[in-house]
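Here is a short report on one protein chain. Take a look at the structure, then read on.

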Amino acid sequence: MSGTELHSENPLREGLVGERQPEPCAMVIFGASGDLTKRKLVPALYTLARERLLPAGFAIVGVARREIPFVEQMREAVNKYARRRPVDPGLWSTFGSGISYVAGNFDDPATYERLKSHLEAVDAARGTRGNRVFYISTPPESFEPILQNLGRAGLISRSEHPWTRVIIEKPFGRDLASAEALNKVCLNVLREDQIYRIDHYLGKETVQNILVFRFANGIFEPLWNHKYIDNVQLTVAEAIGIEGRGNYYDQSGTLRDMVQNHIFQFMCLMAMEPPVAFEPNAVHDEKVKVLRALRELPSDAGSIADWTVRAQYGSGYDKGQPVPGYREETGVRPDSRTETYVALKLFVDNFRWAGVPFYVRAGKRMAKRVSEIAITFKNVPHTLFKGPSGAQLGRDPNVLALRIQPDEGINLKFLSKVPGPTIEPRPVTMDFRYGSSFGTEPPEAYERLLLDCMLGDSTLFTRGDEVLESWRFCTRMLDGWAAADESATAALPSYEAGSWGPKEADDLLSRDGRVWRKP
């Protein structure tokens with residue numbers, strides 16, 4: 001690959017076959033006054049415009065309850081959060097002129113009548129041709145009334161031209177029953193291929209690169225099975241706490257917040273079979289097979305602890321400053337049993353992965369912010385190398401780590417001889433980083449996902465049966481925890497803020513003769 005190819009200024013454009021550009025359309029953002037709109041959505045759309053990846057006929061319509069100076073706020077947000085900043089005045093004159101706002105309550109039918117008239121005016125002024133993306137970025141209790149009112153107001157078209165697509169933020173339900181109910185509401189007004197259930201982690205370059213790494217390289221896929229892999233560890237660690245969201249988080253917990261969606265998506269991409277084509281349904285089909293192959297965990301109170309660990313962070317330090325424990329946070333019940341850390345031991349019971357444990361951990365207030373997938377390969381059956389005392393040398397296993405954040409890249413650990421007169425193997429690493437290898441920062445996740453939705457490509461979104469299968473597994477786990485809590489007298493295990501988690505999580509692996517990797 002030439003230096004010119006490596007140092008592209010627009011990796012997102014190069015990643016699109018034929019430099020595809022969406023048809024003219026309007027993106028309507030419900031919850032437009034929220035942080036996600038300011039920090040991610042509009043800055044991502046501005047960057048797409050700067051990369052010349054948006055159509056000339058494009059518009060943004062914000063919808064929220066209160067009157068706000070939306071255009072001015074969005075310019076400030078872009079200037080602060082966009083990947084390509086500061087704001088280019090010439091570009092903003094065009095981009096900003098396509099931003100407008102409608103105030104109204106989400107459960108009021110009159111809001112949707114005003115929105116309908118407003119969009120007709122936008123079609124005439126901007127040439128958006130009736131094509132719509134509705135982005136529902138609101139608390140979950142508003143999902144259903146928004147969908148129902150969009151349908152009643154005739155704002156959703158089931159036709160191919162003009163088209164309608166709806167992006168729904170997580171959480172898509174809080175258990176199997178609620179996810180099934182929400183899915184039913186969606187399918188009452190939309191076709192499945194019009195529903196884009198977003199998981200922003202799937203827009204990260206390293207997550208997308210899992211498929212390329214596995215299926216475009218002849219060296220790794222033959223080793224990607226139980227014959228050569230000893231275990232897989234999936235880690236999503238956050239250094240921050242609950243950031244003032246005690247009322248929300250105490251009703252959610254880490255299993256719902258991180259495992260059911262982000263981590264299970266990583267696992268599906270890691271473990272899936274090669275799809276017949278890189279197109280949405282083929283990829284989703286293989287991911288669903290992985291979820292259906294997950295070995296069911298016992299749901300009784302006595303056995304669930306053999307496979308899962310729950311814990312809450314205690315007090316400790318963050319960057320040298322003292323921080324409170326979880327149950328001391330505002331909005332958290334003093335007797336809360338909501339987990340801020342979870343560790344799981346899972347098995348994918350199929351031909352490829354038989355007997356290979358997948359160890360999962362996710363938590364808040366941990367030692368550092370890091371998300372990675374680490375594949376530990378089986379050791380050589382016999383080592384030739386021994387030290388002066390007869391101790392075996394060269395027993396460190398090979399580890400392949402895919403870093404999702406921060407410093408997106410791939411790291412391979414293998415053994416090499418230390419220079420000198422004796423044979424002494426020592427671990428060394430080969431390290432690939434996107435920033436240094438390609439000479440540019442990778443696109444933000446929302447840039448890729450918003451563009452894909454406008455293009456009608458749902459490969460990096462989740463299909464309804466994926467969500468339901470994931471909830472089916474997690475709901476059984478939640479039921480087991482609830483049964484254990486009924487007879488519990490002690491608090492959940494705790495771990496010091498700024499550590500890698502509780503001792504019980506270490507025990508989960510030590511019983512198998514393994515240890516957690518420290519990224």
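## Terms and model

Contact means heavy atoms within 4.5 Å. Keep that cut-off in mind for the helices that lie across strands. The model is predicted.

## The open sheet

Start with the sheet. It is open and has 6 strands, in the order 3-2-1-4-5-6, with parallel pairing. Which strands stand at the edges? They are strand 3 (99-103) and strand 6 (195-197). Each has a single partner strand, so one side of each lacks a neighbour in the sheet. On average, neighbouring strands are turned by 20° against each other, direction ignored.

Now zoom in on one pairing. Strand 1 (residues 25-30) and strand 2 (residues 58-64) run parallel, and 6 bridges join them. Cysteine 25 has phenylalanine 58 in strand 2 as its bridge partner.

## Helices across the sheet

Two helices deserve a look here. Helix 4 (residues 70-81) lies across strand 2 and strand 3. Its direction is at about 130° to strand 3.

Helix 7 (residues 143-152) lies across strand 1, strand 4 (132-136) and strand 5 (164-168). Helix 7 runs at about 160° to strand 4.

## Aromatic pairs

A pair of aromatic rings is described by the distance of the centres and the angle of the planes. How many aromatic pairs does a search of the whole structure find? The search finds 18. One of them joins tyrosine 46 and tryptophan 92. Their centres are 6.3 Å apart, with 45° between the planes, and the pair is tilted. This pair links distant parts of the chain. Tyrosine 46 is in helix 3 (residues 35-50) and tryptophan 92 is in helix 5 (residues 89-95), 46 residues apart. Both tyrosine 46 and tryptophan 92 are buried.

Another pair is tryptophan 307 with phenylalanine 347. The ring centres are 6.1 Å apart and the planes stand at 80°, so this pair is edge-to-face. It too links distant parts of the chain, 40 residues apart. Tryptophan 307 is in the loop between helix 12 (280-293) and strand 8 (308-318), while phenylalanine 347 is in strand 10 (residues 341-347). Is phenylalanine 347 buried or exposed? Its relative accessibility is 10%, so phenylalanine 347 counts as buried; the cut-off for buried is under 20%.

## A cluster and two charges

Rings also group together. Phe30, Phe106, Tyr112 and Phe134 form one aromatic cluster.

Charges meet rings as well. Arginine 165 lies over the face of tryptophan 163, at 3.8 Å from the ring centre. Arginine 365 has its charged end over the ring of tyrosine 313, 6.0 Å from the centre.

Technical notes: Residues are numbered from 1 along each chain as its sequence is written. This is a predicted model: local features need pLDDT of at least 70, side-chain atom pairs count only at pLDDT 80 or more; totals for chains, interfaces and linings use all residues. Side-chain values use heavy atoms; hydrogens and water are left out. Two strands pair if DSSP finds at least two bridges between them. Helices (H or I, at least four residues) and strands (E, at least two) are DSSP runs, numbered from the N terminus. Axes are lines fitted to C-alpha atoms, for helices over the stretch in contact, and angles run from 0 to 180 degrees between N-to-C directions. Rings of Phe, Tyr and Trp (its six-membered ring) pair if their centres lie within 6.5 Å; planes under 30 degrees apart count as stacked, over 60 as edge-to-face and the rest as tilted. Buried means under 20% relative accessible area, exposed over 50%, partly exposed in between (1.4 Å probe, protein chains only). A charge sits over a ring if NZ of Lys or CZ of Arg is within 6 Å of the ring centre and within 35 degrees of the ring normal.
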